[in-house]
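Q: Got a minute to go through this one with me? I'll put it up and fire off questions as they come.

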Amino acid sequence: MKIEVTRPWILLLIPILMFLTIYSSRKLKINKIRKIIISIIRNCIIIMLILSLADLSIIWRAKDITTIFLVDCSDSMEKNKKQCENFVENAIKTKSSRDSFGVMSFGDNALVDNFISKKSAFSGLETEPNGRYTNIENALMNSLSIIPNNTKKRIVLLTDGKENQGNSTKLVPTLKAQGVNLEVYKINNVKKDEVAVENLIVPKKIRVGQEFNVEVDIKSTVNTNSKITLFSGNTKKIDENVKITKGNNKFIFKDIADVGGFKTYKVNIEPSLDNEISNNEASTFTEIRDKARILVIKDKEDANEVIKMLEASNMNYDVVKAGGEPSTLKGLSKYKTIITCNVSAENLSEGFLNSLESYVKDLGGGFIAAGGENSFALGGYSKTSLEDVLPVYMDMRGKKEIPDMSMMLVIDRSGSMGGTKMELAKEAAARTVDFLRDRDEIGVLAFDDKQYWVVERQKAKDKKSIRNQIGTLRGGGGTSILPALSEAYNSLKESNAKIKHIILLTDGQGEGQGYDTLISDINKHHITVSTVSVGQDSDVGLLKYISEKAKGRFYYTDESTNIPRIFAKETFMVSRTYLNNKKFTPIVQNIHPIISGVYEEGFPPLLGYVGATPKNTAKVILKSNEDDPILTVWQYGLGKTAAWNSDISGKWSANFIGWNKNLKLWQNMINWTVENYNNESMIVNTNIDGNKGIVNLEDKRASEDLDVEMEIIGPSMKKIKSKLYPVRPQNFSGCFEMKETGAYIIKINELKNGGIVNSSTTGICMQYSPEYKIADENQELDRLVKQASGKFINKPSDVFKGKLKEIYAKRNITTILLIAALMLFVLDIALRRINLPYNKLQSKILKVKSKVKEIVPTKNSNNKIKNNVNKNVDKYNDEKEYVDNYNNDDNENQKNDKSDNDKKTNNKQTIDTSTLLRIKKRK
């Protein structure tokens, strides 16, 4: 055992501080015993604190051994998992009782399967690390972190050596420094016939009309034939049969950039000889730069005027009918702005509605909604992404809020209404419930030759329960309209709602007469009735008659898919506040660039609009004479949107179409939504490091107080938000995790004081796992073993053989010393605070000391006894001489008094003898 001192020079303070402590304690006017105790404690505290500062450690030779089994569980080792488990199981049977072991599995990350223990228990590999990559460097780092420092160290690595993430040789100095014994059991997989796409390369940025190369790199272990298919987006560009030779193959194809935006390419190969299909595909993307391209979506012929203005403005545009618009974010990304012309939400594809919000908010796309009788609230925009991105709410709020409403749905459930018609009717009824407020009332009455209450009239609070009841509606029976209509009237006349409305839906024939009396009663109670005629077999004349007499609207459709849209529209129309067919002149509420060069001479009158409510942060540019918004704009995320609540077909805007400033107005509106923050000063580079996407930004105009954020949209449309951090002036870097294969669209925003000042869009593609690549012979594992002074092993019994490198265990006792010093410090305070009986203690100590002196004589006492003995001996000799002389002179007297003298002499001798004996004993 050794003691190590990191800072030995600090020990010189011990005698100095001890002297000062002892010297200062002499001046204390306290009991002597108390002074001594305090002095001792304080010196101990000083010694321990100085030893702590000197960084004292105890070192000894380690005897225990810890072994970590690192098992490669990447995709390339999937078929060898059982072999590895058997190897570990057989190896731990040969370990000694002093050996501890643990098991970790790894791929890109490392996970613990068996915690370190001396027990020989292993139940197999149960954890599932990310197998897309092989990261031996990370696995070694994790194993080192769990091995105790005070033991000998052994790492057993089971792998095929195909490291494609990290660099394990970088850890060689660490392995040597910690005395790790590295043993590698290399698994050699049998090579099979394999063909893989190595890379698909296109230029990152090109111009419209530019011809460019599409390069396909293919690697093969065999000569074979293959079919190559190249896709540009969803369009097949190449479909050829080619010969592939063993080794690297390169194929170059030509393409022309026809439209702007982000464009993806995908290649797929079908080799004749192949064993793994996961590596037969690759994808990439390019950004095709073009002039702003506009997408116009129309329902009927409402877009003619917009198309004329786009052509006059020399703008690039595409026109599609509702339902034929792009349904993915990639498809929408090639357009700078989207314009809908009196389009119902029912006719738009679900994919478009799902992608629209991200297109505007995240990609910075523009959106303009032009009104008409099939738009905004009347077009079913409420509670859809259309309402989310537009600057107006679809319902009327505030002063123009609609009074309480009671809605009765009378639905034909005869046999002819079965199947799809009935399902759409139920969907329409459910949507009507969603549009109603909690204080509104709803009732659903079904009829065939009789009438049945599906939902009795009630408040529309529990919408979920009402929808569930509507879902029970089933078809069957004949058609009898009059009794059902009468039942609905009887229920509504009892309602206290201000607005009472019935929607009658049927596809058949009802009673030909008997309605006049009922309709008269309906009118008396201020109830309105609208009718929906489905198909040619319905009684169109009767339904028209009922709607006209009951002051409602008549709808005819031969497509049952229109039923939900009609119900949604009618729900809003019933209040008569949404559809405003009246002449008025727009009023300027806010000056805005859109009306620059337009408003100075005033506006011509409009003939109608659809009512709406502006959102809190929106800006109303033009309003009606009733303060309803006509032209409203706002910024939604990165994009800009505008709501034109009048039409653009000429029904309401006839005066605008002939106005000489109308073109300027719409040019301003489109240009405002097209403008974005893209700036040529931003240079963005992306690359992939393992499962991380790396984004680097350089902006020479960037200021110091700039924040940079990025939003990533993955292949499954999942959004990821992250930050870019400054790495040097005007340079930023960040990363994000890529869990899916495919294209990622990256939007980078520069922010200052919370506002976006610059923005750029780019992308990156994640290919198949490198585990499926055809790898050349990898020497990295051999290099690791050689540099780390390790060895390759061939069987489980080799694991615990041989001597391990000596390890000296080390324990720093600084903490222990500090704790002891703290405890003594508390004791020092206690001795000073607590008044102990030190005087009594001192007297007892003195008594003990005197007794000790009696039992154990000192040197001085021994000399004193010796002197006393010598004096007594001299005295005895003098007395003896005197006695002898006396005896000689008085012999006669002694004879006469013989008996007396004998007695005296005997007594004297007895006394002298006893005295001598006592002296001798003392000596």
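Q: Let's start inside. Which residues line the second largest cavity?
A: Keep in mind that this is a predicted model. The lining of that cavity is made up of Trp644, Asp647, Ile648, Ser653, Phe656, Ile657, Asn662 and Trp666.

Q: Which elements give two or more residues to that lining?
A: Helix 16 (654-657) and helix 17 (662-674) do.

Q: And how do the residues of that lining divide into nonpolar, polar and charged?
A: Five are nonpolar, two are polar and one is charged.

Q: What volume does the second largest cavity have?
A: About 40 Å³.

Q: OK, zooming out: how many cavities of 30 Å³ or more turn up in the whole structure?
A: The search finds two. The largest has a volume of about 60 Å³.

Q: What lines the largest cavity, then?
A: Phe262, Thr264, Phe285, Lys330, Ala743, Tyr744, Ile745 and Gly763. Two elements give two or more residues to this lining, namely strand 14 (261-271) and strand 39 (742-752).

Q: Which strand gives the most there?
A: Strand 39, with three residues.

Q: How does the lining of the largest cavity divide by residue type?
A: Its residues come out as five nonpolar, two polar and one charged.

Q: Switching topic to the helices. At what angle do helix 1 and helix 2 cross?
A: Roughly 160°, and the axes of helix 1 (residues 13-26) and helix 2 (residues 32-53) come within 10 Å.

Q: Why call them roughly antiparallel?
A: Angles over 145 degrees count as roughly antiparallel. Helix 1 and helix 2 cross at roughly 160°, so they are roughly antiparallel to each other.

Q: Left-handed or right-handed crossing?
A: Helix 1 and helix 2 make a right-handed crossing.

Q: Now a sheet. What's the strand order in the open three-stranded one?
A: The order is 8-10-13, and the pairing is antiparallel. Strand 8 (195-201) and strand 13 (247-256) are the edge strands, each pairing on one side only.

Q: What does the twist average there?
A: From one strand to the next, 20°.

Q: And how many bridges join strand 10 to strand 13?
A: There are 10 bridges between strand 10 (residues 211-220) and strand 13, and the two run antiparallel.

Q: Give me one residue pair to look at. Which residue in strand 13 is the bridge partner of Ile218?
A: Try Asn249, the bridge partner of Ile218.

Technical notes: Residues numbered from 1 in each chain as written. Predicted model: local features only at pLDDT ≥ 70, side-chain atom pairs only at ≥ 80, totals over all residues. Heavy atoms only, no water. Pairing = 2+ DSSP bridges. Helix = DSSP H or I, 4+ residues; strand = E, 2+ residues; numbered from the N terminus. Axes fitted to C-alpha atoms, helices over the stretch in contact; angles between N-to-C directions. 1 Å grid on protein atoms, 1.4 Å probe; cavity = no way out; pocket = protein on both sides within 12 Å on 5 of 7 lines; lining within 4 Å. Points joined across faces, edges and corners; volume = space filled by probe spheres on them. Nonpolar A, V, L, I, M, F, W, Y, C, P; charged D, E, K, R; others polar. Parallel < 35°, antiparallel > 145°, perpendicular 65-115°, else oblique. Left-handed = near helix turned anticlockwise from the far one by under 90°.
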